[in-house]
Structures are given as structure tokens and as C-alpha cells.
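Me: I'm new to reading protein structures, and I'd love a close look at just one part of this one. Could you walk me through it slowly?

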Amino acid sequence: MPDVLVAGGGPTGLLAAFELERAGLDVLVLERDARPATQSKALGLQPRSVEVLADRGLLAAIEPHVEARLPGGHFSGIPIDYSGLPTPFPYQLGVEQAYVAAAIEARLRTPVQRSAAVTAVAQDAEGVTVTAGGRDYRADWLVAADGGHSTVRTLLGAAFPGTSARFSLVVADLTLARKPAGLGDGWQLPSAASGFLLPLSGGRHRVVVAGEEQQRLDRDAPVTTGELQRALTAAHGPGIEVGEVLWASRFGDAARQLEQYRHGRVLFAGDAAHVHLPIGGQGLNLGLQDAVNLGWKLAATVRGHAPGGLLDSYHDERHPIAARVLLSTRAQGVLGVPDPDAMAVREIITGLLATPDAQRATALELSGIGIGYPGTLGRATDVPVAPDGRAVLVGAPLPAGWGDRVETRDGPEPRLVRPDGYVAWAGGPGLDTALPRWFGPPLESLVDSAGVV
């Protein structure tokens, strides 16, 4: 029996499984699809995500598929410069989500269980039973990373409040039989205009359209070649012709978030916990950071040395971050509405974002580099993570009793670094407080409480 089941084989679920396995747990990922996804979906890794993937040795497998290193991000199409960010990776990587997922999946010890759509979830005081693909699976915990239409969320009746979509867009992967010279030839940051084109691997293009026809059609209406042809002709003239539509989906600017990320022995991450307009390159990255924050805390809980409240701190730390992203993407959606009043606001915001302080603040937020948590002291990008998922203590002696949870290293700058890369202590008094706060009591206390000695 695995320690943890993960529902959903996208990047969030896969990285959660990777983090749990790194800490020595047995994990099984349940994925409804029979084969790995090939659709482009998300296309950008923000600097903080690049840091995390590089630190775990996952970036090398992704880099051959990188189409571009973009020097910044954008706020509703308004460029935001990343060049001054305090990171080894002051850029956004343009890469298809499928390659990110494949790189993580290739590193899992246990193969993903495919054709395993979740149909039932039951939990009790001892664990969780999940019915998927006609079979029952049992584990101590379940991580629900099964997307924006999460079956697990529906089965548990978890409250998912927020705002409904006000306008509709279509995203598609397609081939082009004809196009004007220079159009869609290189990677660039998107604009707010309909008809955005981006080249993908294998002669494909990504297109996003949001015209009058998209607002009239029902959300469940199939996306047709004719619809895409009309939208692209309107945006780029008669010199463009759609070849084959490989994948297409409708989406809107709905913004919803779970009230609680933990429901008993079920923890939600990624789009299962929050949905928003996919603008500004936030969704994939938000999910990856959920996974990294949750992984070490759930592993400590399973292994029995988590201090009280550690697992619940996953919600406490990540819920406000996603709430801010929802606020940001809602604002960006308003700035993209082709309405005279919205365009006036956009002009004002564009001017404000041209100022150095506003540029830097927005860059820190969009990139993930500026994200921190209460009780931590920023990121430690010069302290590689421990390969076995332990925390790292640099430049200071480790008191007895924490060696199973904390690795020690030499270094001139004393720091205690959590397994997700955030600094929990940085010299001076307080180490004896930080250790039990984040990593539980020393080993002898754990043994005593278990009645072994």
C-alpha cells in the first residue's frame, strides 16, 4: 500500500509525487488519460519555478525543448522586465507544459497508473480509499491535483467560491496552410489583442482568439476550423489559412479558490485548488510551487515527526499566494476588454508600470521571486536541496536529535533552509526554536512519546 495517492498526472501532481518520493515515501499517481498529454497548454516557466526545477536536477531534461528565454513577463500584455531580479535565472523559459511533465514523470520511481479516472473517494481516521479505473486504491493520504474540473473536489463537495466568467476565449494548437511572412515566426510576450500566434515544435502554432463570435457561443460548443479561420482572418487579414486543428479548448476569466486546501486526509493543489484566467504565465507555476510547499510537510506527517500544525501551514502559506494571483489575473482580464473605459484604465496602468518601482514590484510578484512566507527569511538559491528531502543547516553545529531530518554542511553564512528552499533561521539566537518549529522534536523525544524507551 502506498503512503500517498496523487490524483492527477499533470505537472503539479507529478512534482508532488517527486517531492514525496525524494523524502522516502511510496507514492502512486492516478491519471485518467491512457497516454501522456501532448497538447501545449501552459507555455512558460517563471524564474522561481526554474530555480526549483534546476535545484532538483529536473531542468536538464527540459532545456532541449526550450523555445525561448524571454527577458521578462507581462501584465495583461504590458511588458515587465526581469533582468534585475535577484536570481540565477532572470528570465522566463518558453517551453510546452508537456515537456515539463515528461521530465518529472521520467524521474518517478513508481510508474504513473494510467486509465485510472477517479470515481469515488472515501476517507476515515486511518486513511483514504480511492476508486479509479474500476479498482480500489488505499493510502494514508490523497493529494488531489486533478485539474480545474477536479473530480475529487466535486466528490467531497468542497466549497469553491469565486467569480463566474464574463468573457470567453479559445486556445488551440493548429497548423497553418498559409500565413503572412514574419507572422508567428518567433516567441514573444503576448499582447491583449485577439489572434495571438506563437510557433510550437513540429510545425504547430498556438493561437488565442477572443472575438465577438467567441462571446456568443456556448462554453460547451465545439471549436471548429471555421471559427478559428474567421477569427484569424479578422486579426491578420486574408493571407492566413488554418490547416489542421490539433487541439482546441474554450476558457474564460472565472476566478475560484477552495476555502480550505485540506479536507481531512485529502489535500488539494494546483488547478484543483484554484482557477483563474490563464494570463501572465501564472497557472502552471502556481501549481508547481504548491507541490514543493506541500511535499515536505506531508512527508514529515507520514513519517511521524511533523510538529503540530505543520501540515495545515500548507494552506496558511499557499492560500494567500493564490488569492493574490486570482486578484491579479482578474485585473489583467479587465485591462484586456475592448471597451473605451477599460482602454483608458489600461493607458494609465501602462504609464504607472513604466516607473522603476512599479516595474520591480510587479516583476518580483509575477516571477515568484518575491514570494515569501511568514517566519521565513527569503530563498537560499546558493544552498542546493538535500537529495533525500531533508532540510539543510549550513555553517552551524546541529544539536543532537535532528540528523534524520536535517543535513549539515560547511559554509560561512549560518542558515537553516527548509526542504522547499526557504530560510528558517539565519544565524544568531533562535536555532533551538526554529528546529522544533519546522521539523518537530528531537529524535529522543519522538522515541519517548512512542513509548519505545
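Which helices each supply at least two residues of the lining of the second largest pocket?

Reply: Happy to help! Keep in mind that this is a predicted model. The helices you are after are H2 (47-55), H8, H9 (313-335) and H11 (356-367), each of which supplies at least two residues of the lining. Among the contributors, H9 gives the most, with five residues.

Now look at the pocket itself. The volume of this second largest pocket is about 210 Å³. Its lining is made up of 19 residues, and those that lie nearest the centre are Gln282, Ile321, Val325, Glu365 and Ile371. Try finding these five names in the structure and you will have the middle of the pocket in view. As for chemical character, the lining divides into nine polar, six nonpolar and four charged residues.

One of the helices from the pocket lining, H8, also leads us to another part of the model. H8 (283-303) is among the elements that the buried residues of helix H4 pack against, together with helix H1 (11-22), strand E3 (44-45) and helix H3 (59-62). Which residues of H4 are the buried ones? Within H4 (residues 97-105), they are Gln97, Ala98, Val100, Ala101, Ala103 and Ile104. Their spacing is easier to follow with a general rule: an α-helix has 3.6 residues a turn, so residues three or four places apart point the same way.

So much for the pocket and its surroundings; I hope this gives you a good place to start exploring.

Methods: Residues numbered from 1 in each chain as written. Predicted model: local features only at pLDDT ≥ 70, side-chain atom pairs only at ≥ 80, totals over all residues. Heavy atoms only, no water. Buried < 20%, exposed > 50% of the residue type's maximum accessible area, 1.4 Å probe, protein only. Helix = DSSP H or I, 4+ residues; strand = E, 2+ residues; numbered from the N terminus. Contact = heavy atoms within 4.5 Å. 1 Å grid on protein atoms, 1.4 Å probe; cavity = no way out; pocket = protein on both sides within 12 Å on 5 of 7 lines; lining within 4 Å. Points joined across faces, edges and corners; volume = space filled by probe spheres on them. Nonpolar A, V, L, I, M, F, W, Y, C, P; charged D, E, K, R; others polar.
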